[in-house]
Amino acid sequence: DTEAANPAVRQALVQAIAQANPAFISFGGDIVYNGYDKDDWKVWDSETAVWRANKIPLYPALGNHDLHGDENVALANYFQRFPDLKNSLYYSIRAANTLMLVLDSSLDETSGPQGQWLTQKLDHIPGDVDFVFLVLHHPPYTSSSDMKIFGGGHSARSQEQKLAKTLEARQQDLRARIVVFSGHVHNYERHEHGGVTYFVTGGAGAHAYPIERAKDDPFQSKEVNYHYIMVDVDRGSLKITMHRLDLTSGTPVWTEPDSVAISVPAAKAAAQGR
C-alpha cells in the first residue's frame, strides 16, 4: 500500500541507519501497517535485514497499528520478532550513563501495573544515570490535530498530557535529565516544557502529515520531514540531531535541520560528585 507509506523512503532510512552503525536502535511504534498481517511483517523482515546482519540491537515500543486486528495474533507476530522482550509490553534498558524506559501507550502510563512500574523506576534512578529516555508511541505534546480533515493529523491525548505533568514535576528534583521520544504523528517536532525535552519522531515513511506549528514551537517547518534521530551521548551531555531525507529528486538528499544539546546542570552534577 504505497498510499499508506513510502517504501523508497523506508528503505533509504534503513540503509542510512545501518551505515551510521548506532549502539542500538529505538523504534517508537507502528512498525507495520497491520499487526495481524503476516505479509506486512514479512516486508519488515526483508527491509530491516541489514540491521540484523550488522547485529544492531533494536528496542521497539508498541504502536496502535502494531495491535490492529486480533490482538493476540498481532502480539504473537510482534514478540516473534523481538524474543528478548520476553512478552513484556513495557521494559527498561540500561546503556552507559542512560536509562531508557519503553512504554506501551495502549495502556495508561500513570496508573495500573504500568503506572506502578514507571513510578518505581523513576523513584530509583541509579546515581550514575545522566539521562532518562522515555519512548512511547503517542506524543504528550504535538502541534498536529485530529481536526485536520485534509492531510491527516493527531492531537495529544489526555493520558499522555497527564504523563507529561508527572515527568515535569519529577524533573524539578532530578539531577538526570528526562528526554521523551514519541511517534504517531507522521512528521517531526520538538517541544520544551518544564525542563523536559519532547521529540515527535514519526517520519519513517508513513503518509506525511502537514503541521500548523505554533509560533513558540522550537522547530519550525512547513515541509514533509522524513527522518531519523541520532542521539550522541557523552558524560554529562548529549547531542540530538534530526537527519532529514528528501527523495523528491529520486536521489537521497540528507540535511540536519534541527539539533539540540542537553546537559546535566553543573550545580547538580557537582553536588553528586560528577
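**Entry 1: arginine 81 and helix α4**

I began with arginine 81, which I found in helix α4, the run covering residues 71-81. The model I am reading is a predicted one, and I keep that in mind throughout. Setting aside residues up to four places away in sequence, I listed the contacts of arginine 81 as Trp41, Lys42, Trp44 and Asp45. I also looked up its relation to aspartate 30: the two are 51 residues apart in sequence, and their C-alpha atoms are 14 Å apart in space.

Staying with α4, I asked which of its residues are buried, and noted Ala74, Leu75, Asn77, Tyr78 and Phe79. The elements that cover these buried residues include α2 and β2. At the N-terminal end of α4 I found a cap made by aspartate 70, with a side-chain oxygen 2.9 Å from the backbone nitrogen of asparagine 72.

**Entry 2: the second largest pocket**

Next I turned to the second largest pocket, whose volume came out at about 340 Å³. Its lining has 14 residues, and those nearest the centre are Arg52, Ile56, Leu58, Arg81 and Phe82, so arginine 81 of the first entry returns here. Which elements supply at least two residues each to this lining? I noted α2 (38-47), α3 (49-53) and β2 (58-60). By class, the lining residues divide into nine nonpolar, four charged and one polar.

**Entry 3: aromatic pairs**

I then searched the whole structure for aromatic pairs, and the search returned 13. For tyrosine 78 and phenylalanine 79 the ring centres are 5.0 Å apart and the planes stand at 70°, which is over the 60 degrees required, so I recorded the pair as edge-to-face. Both of these residues, tyrosine 78 and phenylalanine 79, are buried.

For phenylalanine 181 and phenylalanine 199 the centres are 5.4 Å apart and the planes at 10°; that angle is under 30 degrees, so this pair is stacked. Phenylalanine 181 belongs to strand β6 (residues 177-182) and phenylalanine 199 to strand β8 (residues 196-201), so the pair ties together parts that are 18 residues apart in sequence. I checked burial here as well, and found phenylalanine 181 and phenylalanine 199 to be buried.

I also noted a cluster linked by ring pairs, made up of Phe27, Trp44, Trp51, Tyr78, Phe79 and Phe82. Two of its names came up earlier: Trp44 is among the contacts of arginine 81, and Phe82 is one of the residues nearest the centre of the second largest pocket.

**Entry 4: glutamate 47**

In helix α2 I looked up glutamate 47. Is this residue buried or exposed? Its relative accessible area is 15%, and because the cut-off for burial is under 20%, I entered glutamate 47 as buried. Its side chain makes a polar contact of 3.0 Å with the side chain of glutamine 11. Beyond four places in sequence, glutamate 47 touches Pro7, Arg10, Gln11 and Val14, a list that holds the polar partner as well.

**Entry 5: leucine 101 and arginine 244**

Leucine 101 sits in strand β4, residues 98-102, and with a relative accessible area of 0% it is buried. Apart from neighbours within four places in sequence, leucine 101 is in contact with Tyr91, Ser92, Trp117, Leu118, Lys121, Leu122, Val132, Phe133, Leu134 and Val135. I also looked up leucine 136, which is 35 residues from leucine 101 along the chain, with a C-alpha separation of 8.7 Å.

Arginine 244 lies in strand β10 (residues 237-246) and is buried too, at a relative accessible area of 10%. Its side chain is joined to that of asparagine 225 by a polar contact of 3.0 Å. Residues that arginine 244 touches, again not counting those up to four places away in sequence, include Glu223, Tyr226, His227, Trp254 and Pro257.

**Entry 6: positive phi**

Last, I looked at backbone angles, with the reminder that most residues other than glycine have a negative phi. Asparagine 87 has a positive phi, near 65°; its place is in the loop between α4 and β3 (91-95), and at 57% relative accessibility it counts as exposed. Alanine 96 likewise has a positive phi, of about 50°. I located alanine 96 in the loop between β3 and β4, where its relative accessibility of 68% makes it exposed.

Technical notes. Residues are numbered from 1 along each chain as its sequence is written. This is a predicted model: local features need pLDDT of at least 70, side-chain atom pairs count only at pLDDT 80 or more; totals for chains, interfaces and linings use all residues. Side-chain values use heavy atoms; hydrogens and water are left out. Helices (H or I, at least four residues) and strands (E, at least two) are DSSP runs, numbered from the N terminus. Buried means under 20% relative accessible area, exposed over 50%, partly exposed in between (1.4 Å probe, protein chains only). A polar contact is a pair of N or O atoms within 3.5 Å; within protein, one must be able to donate a hydrogen and the other to accept it, and residues adjacent in sequence count only if both atoms are side-chain atoms. Contact means heavy atoms within 4.5 Å. On a 1 Å grid over the protein atoms alone, a cavity is a set of points where a 1.4 Å probe fits but cannot get out, and a pocket is an open set with protein on both sides within 12 Å along at least five of seven lines; lining residues have an atom within 4 Å of a point. Grid points are joined across faces, edges and corners, and a volume is the space filled by probe spheres set on the points. Ala, Val, Leu, Ile, Met, Phe, Trp, Tyr, Cys and Pro count as nonpolar, Asp, Glu, Lys and Arg as charged, and the others, Gly among them, as polar. Rings of Phe, Tyr and Trp (its six-membered ring) pair if their centres lie within 6.5 Å; planes under 30 degrees apart count as stacked, over 60 as edge-to-face and the rest as tilted.
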